[in-house]
Every structure is written in structure tokens, then in C-alpha cells.
Amino acid sequence: MTYQAFLIKYGEIGIKGKNRHIFEDTLVSRIRGALEPVDGTFLVRKENGRIYVQAQDAYDYGEVVSALSCVFGIVGICPVVLLEDEGFEKLASQVVAYVAEAFPDKERNFTFKVVARRARKNYPMESMEVSAALGERLLDAYPGLSVDVHHPQVVVHVEIRNQINVYSKVVPGPGGMPVGTAGRAMLLLSGGIDSPVAGYMVAKRGVKIDAVYFHAPPYTSERAKEKVIELAGEIAKYTGPIRLHIVNFTQIQLAIYDRCPHDQLTIIMRRYMMKLAEHFAREDGCLGLVTGESIGQVASQTMQSLAVTNEVCTMPVYRPLIGFDKQEIINVAEKIGTYGTSILPYEDCCTIFVAKHPVTKPNAKSIKKSESHLAGDMDAWMQEAIDSVETVRVDARAGQ
């Protein structure tokens, strides 16, 4: 069946009151952006509390649904047949024909109900009358059907608007809020499993994501950097283009390794990463930092470790995975398509310079004393890392 349009259903946006139009307009913009790589021309429009994606020429159904399924704010994608109002008899014959085409003979043995909605009040029949009359016509046409108003296998929706919308399939969307409606944040992105999921989770709440990656050549390879860029591209399916800052962290990391107690390496390294991430976040106009930490997953993610790490930040630090266990994080990574890239065997600087026996309950006073061994040189190294940063725009990966 060829559908002329897709009706886009949203959730939370509908309760935004006087600000609702702002969220709707952002969602329309995100839909247009998501459809740009898709072959075909599409008109995205708002009409009386509905958003439609209307095809202007031939298109690939699977490509369109795949693109729309990555747009936060959408809870349902409904392939719609648009009909002109030519009277009830014509509508009834068209609905019978719709069911015939949408459900071939071998599938036409199910329970159903018709849900009509008369949004245009000058239509001569009320909603309940339309539902009952269309249900009767379908029962007459297809003996294998039976009505179940409580738990039907198929719901045939008929919305009487400027045009009449007929649909029975709802493809789930990702939910959440349109990206760009909740400000901007800086994601500390590594090559692991957790941080890409954290970026996805925050973006789902409407936050625009920039990212920073800490690279330590020659201890980390170019392939490790390419892996992180690939991960950013996979997240960008959902977030839109990502501005990725690639920071050379080698000198800072070597100095920490040479001058500080090894059981404190990870904590001190994280503190300087947070300082640099906050610098780029302020430059980009971000309102906070985002990390993939969850309580107790590793030594640097105990409550004490997180408190000592937070101490160097003046911006809020958002940790959307804080209460997740590892399997829950992996499940999301698999769902969004980042897991396969995350487990590629190219280590980042966090894994190469990890301590064998890291401190799990660091003391801030002790950490600051160890950091004093870096005094005199660290400011220059931090500035060098800032000045030599490589910033790239990462778009959604082709074929995703």
C-alpha cells in the first residue's frame, strides 16, 4: 500500500500549555532535518494539533520510517491514507478497500474496532455513529473479522478533518522531547559503552549535545580516535550534528603518571578532564557537563570518587546512567546501535593509564596535595591542550 502521508503523534508536548507551539515548531524542524538524507520530497506541516509528513513524490517507506524513528519527541508514526470528503457511502467503500489492501486475505482474520473522530463538527454524523456504521460495513465485507471493543487486535482510526485520515498502524517513536528545547550540554565521550548511552539519554530530554574526547597519542591510536568519531556519528542519528572537540591529553596524562601516586591516577586524571571539558562547554554556550558514570561500576565511580571529581566543576554535572547497572546500559547501547562500535578493541586513554589498585574512597585534601606536584607546569600544559584542540562536526553515519 502507498501512503500519501505520515501522521506524527507526540506525547509530553501536548501538555505544554501556551509554550506548546515552541515545542511543536522544534519538532517540525527536527523532522525536516531527519528527512534531508532520504530520497524524495516531503512537506512537513502542522494542522490543528497534528503534525503531518506528506510525500510530494515517490519515496522509500522503510527509509522514511527509519529516519522518523530517530526523532525525539515522536511517540508514534502513523502511515495515513488521505481521503476527500465525498459523503459517507464513498467513505465506507474506501475504508473497506483500505482494509483489503492493508490486510491481505491470509491476514484478514482478526478482532477489530473502528475509532472515528469528528474533528470537523459540520460533518453530518457524530463520531460514535461513524464508528458503528463503518464497523458494520467491515463485518459485512469480511466474514473473518469480529468486533472487540476492549482488546482488539486492530484499531481502524478514521479522523474527519479537512481531509479524512484513515490509518491502523502505529510505528513506535523514541519518545522524549525535541532536541534543542532544553539547552545545550557537553558530553565527555570516550570509546566505551557508557558515555554514548549517556549522550542519547540526555538528548532524549531535549538537550543539544556537544562532545569532548581526550586523545593520548601515541599511546592511543588513530583508530581509537576514529572509533569515537564513529560513535558520535551513531549518536547524531538522534541528536543531529555534534560538535566534537578532540583534545590532546598526552602531556597532562604523562605528568600525572610520573608525579602523582598511582592509586590516585584515575581520580586526578578525571579532575583535569572535567576542567578542560568545562572550558569548552563555556565556549560553546553549554549549561552543564554529561558523563556516563554510574555508582559503583568502577573505583572512580564510587560516591566518594564522584564527590572529589565534582569539586573541580562549577557547572552542573549530569549523569543520566547513575542508577543503571551494566546490563541495563548494554541493553540501551544495543537498541541505539552504539554497542558494536563501543566494543571494538581500540583502547582510549582512560583504559591505558588505569591504576592497578585505584583508591576507592579518595580524600579531597590528599588529592589536592598530590596535584601540588604538578604546580608550575600544569597551567601551560592545559593551555597547550586548549590551543591545539581539533574540532570537527560529526553528522549521522551514512546508512544508519
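Reader: In this predicted model, is V38 buried or exposed?

Author: In the predicted model, V38 is found in the loop between α1 and β2, the latter covering residues 42–47. Its relative accessible area is 8%, and a residue counts as buried when that value is under 20%. V38 is therefore buried.

Reader: How far apart in space are V38 and V115, C-alpha to C-alpha?

Author: Along the sequence, V38 and V115 are 77 residues apart. In space, taken from C-alpha to C-alpha, the separation of V38 and V115 is 32 Å.

Reader: What share of the residues of the chain counts as buried?

Author: The chain has 400 residues, and its secondary structure comes to 14 helices and 15 strands. Along the principal axes, the C-alpha trace spans about 85 × 35 × 35 Å. Of the residues in this chain, the share that counts as buried is 52%.

Reader: Which residue forms a salt bridge with R205, and why does the pair tie together parts that lie apart in sequence?

Author: The closest N and O atoms of the pair are 3.0 Å apart, which is within the 4 Å used to define a salt bridge. R205 lies in the loop between α5 and β11, while its partner lies in the loop between β1 and α1, so the bridge ties together parts that are 193 residues apart in sequence. R205 counts as partly exposed at 43% relative accessibility, and the partner also counts as partly exposed, at 31%. The residue that pairs with R205 is E12.

Reader: How many salt bridges does the count come to?

Author: Side chains of opposite charge can pair when their charged atoms come close. The pair of R205 and E12 is one example of a salt bridge, and E47 with R45 is another, at 2.5 Å from N to O. The count comes to 24 salt bridges.

Reader: In which helix do E24 and R20 both lie?

Author: E24 forms a salt bridge with R20, and the closest N and O atoms are 3.1 Å apart. The two residues are four residues apart, about one turn of the helix. E24 is buried, with a relative accessible area of 9%, whereas R20 counts as partly exposed at 26%. The helix in which E24 and R20 both lie is α1.

Reader: Which residues are linked with R20 and E24 in a network of salt bridges?

Author: The salt bridge between E24 and R20 belongs to a network that links four named residues, R20 and E24 among them. The other members of this network are D25 and K46.

Reader: Are the side chains of E47 and R45 buried or exposed?

Author: The side chains of E47 and R45 meet in a salt bridge, with 2.5 Å from N to O. As to accessibility, the description of E47 also holds for R45. Both E47 and R45 are buried.

Reader: Which residue does a cis peptide bond join to P217?

Author: Most peptide bonds are trans. Here, however, omega is about 0 degrees at a bond in the loop between β11 and α6, where P217 is found. P217 is partly exposed, with a relative accessible area of 28%, and P217 lies 8.2 Å from F249, C-alpha to C-alpha, although the two are 32 residues apart in sequence. The residue joined to P217 by the cis bond, found in the loop between β11 and α6, is P218.

Reader: What is the relative orientation of α7 and α8?

Author: The axes of α7, residues 250–259, and α8 come within 10 Å and cross at roughly 150 degrees. Angles over 145 degrees count as roughly antiparallel, and the crossing of α7 and α8 is right-handed. The angle therefore makes α7, relative to α8, roughly antiparallel.

Reader: How are α8 and α9 oriented to each other?

Author: Helix α8, residues 265–284, and helix α9, residues 303–310, pack with their axes 9 Å apart and at an angle of about 40 degrees. The crossing of α8 and α9 is right-handed. An angle under 35 degrees would count as roughly parallel, so α8 and α9, at about 40 degrees, are oblique.

Reader: What is the area of the nonpolar surface patch made by L139, V147 and V149?

Author: V147 has its place in strand β6, residues 146–147. At 46% relative accessibility, V147 counts as partly exposed, and patches are made of residues with over 30%. The nonpolar patch made by L139, V147 and V149 has an area of about 230 Å².

Methods: Residues numbered from 1 in each chain as written. Predicted model: local features only at pLDDT ≥ 70, side-chain atom pairs only at ≥ 80, totals over all residues. Heavy atoms only, no water. Patch = residues over 30% accessible without salt bridge, like charges linked within 9 Å, V, L, I, M, F, W, Y side chains within 5 Å. Areas by Shrake-Rupley, 256 points an atom, 1.4 Å probe, with all protein chains shown as cover. Buried < 20%, exposed > 50% of the residue type's maximum accessible area, 1.4 Å probe, protein only. Axes fitted to C-alpha atoms, helices over the stretch in contact; angles between N-to-C directions. Parallel < 35°, antiparallel > 145°, perpendicular 65-115°, else oblique. Left-handed = near helix turned anticlockwise from the far one by under 90°.
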